[in-house]
Protein chains: 2
Amino acid sequence: MARVVVDVMLKPEILDPQGQAVQRALPRLGFAGISDVRQGKRFELELDGPADDAALARVREMAETFLANTVIEDFTVRVEETVKAES
Amino acid sequence: MARVVVDVMLKPEILDPQGQAVQRALPRLGFAGISDVRQGKRFELELDGPADDAALARVREMAETFLANTVIEDFTVRVEETVKAES
């Protein structure tokens with residue numbers, strides 16, 4: 001069992017209305033000093049087997065074909081080594 | 001300028017219909033070996049100043065009060081050190 005994380009974000013040149021809405025709300029809520037906010041998606045995939053090169057290549061193909069819309073979105077695939085610490 | 005990433009995921013005990021839909025679609029699309037998928041949100045915040053302890057505490061407060069719904073969601077705050085590599 002391994003956990004692989006796929007992060008999908010809008011490409012930098014694509015307008016992000018969700019992120020802009022968050023950014024514009026921040027000063028009203030008392031949070032200053034944030035110059036930009038982008039909002040994207042995070043997928044956590046639990047693999048049955050180990051996260052070897054073959055598995056990662058498959059996840060990358062999966063992300064490209066249907067987790068992300070590569071016309072407007074970039075994605076990154078990485079293996080999550082550490083147990084997620086709650087903040 | 002520093003980039004801080006806030007990941008917001010549904011708590012493990014909360015049903016995730018989006019993630020389940022993705023998981024159920026995978027075998028049909030030819031991807032086997034994924035036992036679970038969870039979908040969440042990723043926020044990338046660009047800070048005006050450095051990502052010191054005070055700034056991170058502020059971001060954490062922001063995440064808790066309005067980026068995440070802490071009744072059903074967990075969040076993590078981390079500083080993004082590396083430049084995002086496109087896959």
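In this predicted model, 41 residues of chain A are in contact with 41 residues of chain B, contact meaning heavy atoms within 4.5 Å. Put together, the two chains bury about 3,600 Å², with 61% of it on carbon and sulfur atoms; buried area here is the accessible area (1.4 Å probe) that two parts lose on being put together, summed over both. Because the model is predicted, local features need pLDDT of at least 70 and side-chain atom pairs count only at pLDDT 80 or more, while totals for chains, interfaces and linings use all residues. Residues are numbered from 1 along each chain as its sequence is written, chains are lettered from A and ligands numbered from 1 in the order in which they are written, and side-chain values use heavy atoms, with hydrogens and water left out.

On to the symmetry. A turn of 180° and a shift of 0.0 Å along the axis lays chain A on chain B with an RMSD of 0.0 Å (least-squares superposition on the C-alpha atoms of residues with pLDDT of at least 70 in both copies). That is how a two-fold axis relates two copies. Both use the same surface, as 100% of the contact residues of chain A recur in chain B. K41(A) is the residue of chain A that comes closest to the rotation axis, with its C-alpha at 2.3 Å, and its bridge partner in β2(B) is K41(B).

That pairing belongs to an open, antiparallel sheet of six strands, ordered β3(A)-β1(A)-β2(A)-β2(B)-β1(B)-β3(B). Strands (E, at least two residues) and helices (H or I, at least four) are DSSP runs, numbered from the N terminus, and two strands pair if DSSP finds at least two bridges between them. At the edges sit β3 (73-79) of chain A and β3 (73-79) of chain B, each pairing on one side only. Where the chains join, β2 (residues 34-47) of chain A and β2 (residues 34-47) of chain B run antiparallel over 13 bridges.

Helix α2 (residues 53-67) of chain A lies across β1 (2-10), β2 and β3 of chain A and also β2 of chain B, at about 155° to β3(A) (axes are lines fitted to C-alpha atoms, for helices over the stretch in contact, with angles from 0 to 180 degrees between N-to-C directions).

As for charged pairs, two salt bridges cross the interface, counted when a side-chain nitrogen of Lys or Arg is within 4 Å of a carboxyl oxygen of Asp or Glu. R42(B) forms a salt bridge with D7(A), the closest N and O atoms being 2.9 Å apart.
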